[in-house]
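Reader: I want a close look at one part of this model. Take me through a helix, what surrounds it and how it packs.

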Amino acid sequence: MDIGTEYDNDMNIDGEAASEISPSVWLGSYSLLSQQQFLDAKNIKVIINCSATCTFLKELGASGMNMSSDLVILSLDPSFDAGRVTSDEMPLLDDYMSRFNRILQNYINFFYNLNPQANNLIHKFPQNKPLSISSPILTGNLKEQFFNINRLLKLLKNVNDSIGTLIVSPDGNSKLSTGLTMSYLMDNYNFNFDASYTNLKITRPSIVPFNYQYYNDLLIIENLKKFYSENSSIKQTNNVLLTANCNLKRKNEYDYIWVGGAKRKNVE
């Protein structure tokens, strides 16, 4: 089953730059960051970087992209080390952390922590841990970050199913972006490792196969297989979800907030 499509190039976007791997979920290169028409047309409200954070932030700064107040930007960078950030890179990093951690925490608070129906919107985590993402830079254990990202995307899409997600790396074919995209296919279509890779390869032929001789590739493979196994087990015992689109009330206030839009509605 091929659930992805190649980009139709109606906006002069290189077919190698953007691939729709699932409805409203795109995999592509950094060149897309400067394609505002594409970002607007696809309602991209979540961007996930899968390469070195500081390199990404430089590309983001140079792109001229309109970074609205409802945009979530994450960086999946398992080996990120703040101690290795140069003095020239630090202002970019500080600005990114200040701006996008605030947006991230607002969304998690509004739609998860303060929402009594949150457990009906997303499946549980291993050991029944809560959704907790303390920083927009996702480091450390890769399996845990696959869970965090997929649960967050599911939560946001259940609140507003029109939002688009863009997964990026320098050329759109990094092993990490391939791995994250495969985890999304595993979570949403119950594909195992081989099926998720095969489907992704059909949609985006330019991805590079994993090399079992490389340590970093082995880490991605191992954590993907663990994610699939544990996620499948969780879904077998926690399979009832409330998937209706929800507008959730802010605690102690009488207004609503929407994912993917600045519109608010006051309630008398």
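Author: Start at the end of one helix. Just after H2, Gly 64 has a positive phi of about 75°. This is a predicted model, and that angle is computed from it.

Now go back into the helix. H2 covers residues 53-63, and its buried residues are Thr 53, Cys 54, Phe 56, Leu 57, Leu 60 and Ser 63. Why might such positions share a side? An α-helix has 3.6 residues a turn, so residues three or four places apart point the same way.

What covers them? The cover of the buried H2 residues includes helix H3 (90-113). It also includes strands E4 (44-49), E5 (72-76), E6 (137-138) and E7 (164-169).

Take H3 next. Two packed helices are described by the angle between their axes and the distance between the axes. The axes of H2 and H3 come within 10 Å and cross at roughly 85°. The two helices are therefore roughly perpendicular to each other. On the H2 side, the contact uses Thr 53, Leu 57 and Lys 58. On the H3 side, Leu 92, Leu 93 and Tyr 96 meet them. By class, this contact has four nonpolar residues, one polar and one charged. Thr 53 and Leu 57 are both buried residues of H2, and both take part in the contact with H3.

For another helix pair, look at H4 (residues 142-159) and H7 (residues 215-237). Their axes come within 8 Å and cross at roughly 55°. That makes H4 oblique to H7. The crossing of H4 and H7 is right-handed. Residues in this contact include Phe 146 and Phe 147 of H4, with Leu 224 and Phe 227 of H7. By class, the H4 contact with H7 has eight nonpolar, three polar and four charged residues.

Definitions and conventions:
Residues are numbered from 1 along each chain as its sequence is written. This is a predicted model: local features need pLDDT of at least 70, side-chain atom pairs count only at pLDDT 80 or more; totals for chains, interfaces and linings use all residues. Side-chain values use heavy atoms; hydrogens and water are left out. Axes are lines fitted to C-alpha atoms, for helices over the stretch in contact, and angles run from 0 to 180 degrees between N-to-C directions. Helices (H or I, at least four residues) and strands (E, at least two) are DSSP runs, numbered from the N terminus. Angles under 35 degrees count as roughly parallel, over 145 as roughly antiparallel, 65 to 115 as roughly perpendicular and the rest as oblique. A crossing is left-handed if the near helix is turned anticlockwise from the far one by less than a right angle, and right-handed if clockwise. Contact means heavy atoms within 4.5 Å. Ala, Val, Leu, Ile, Met, Phe, Trp, Tyr, Cys and Pro count as nonpolar, Asp, Glu, Lys and Arg as charged, and the others, Gly among them, as polar. Buried means under 20% relative accessible area, exposed over 50%, partly exposed in between (1.4 Å probe, protein chains only).
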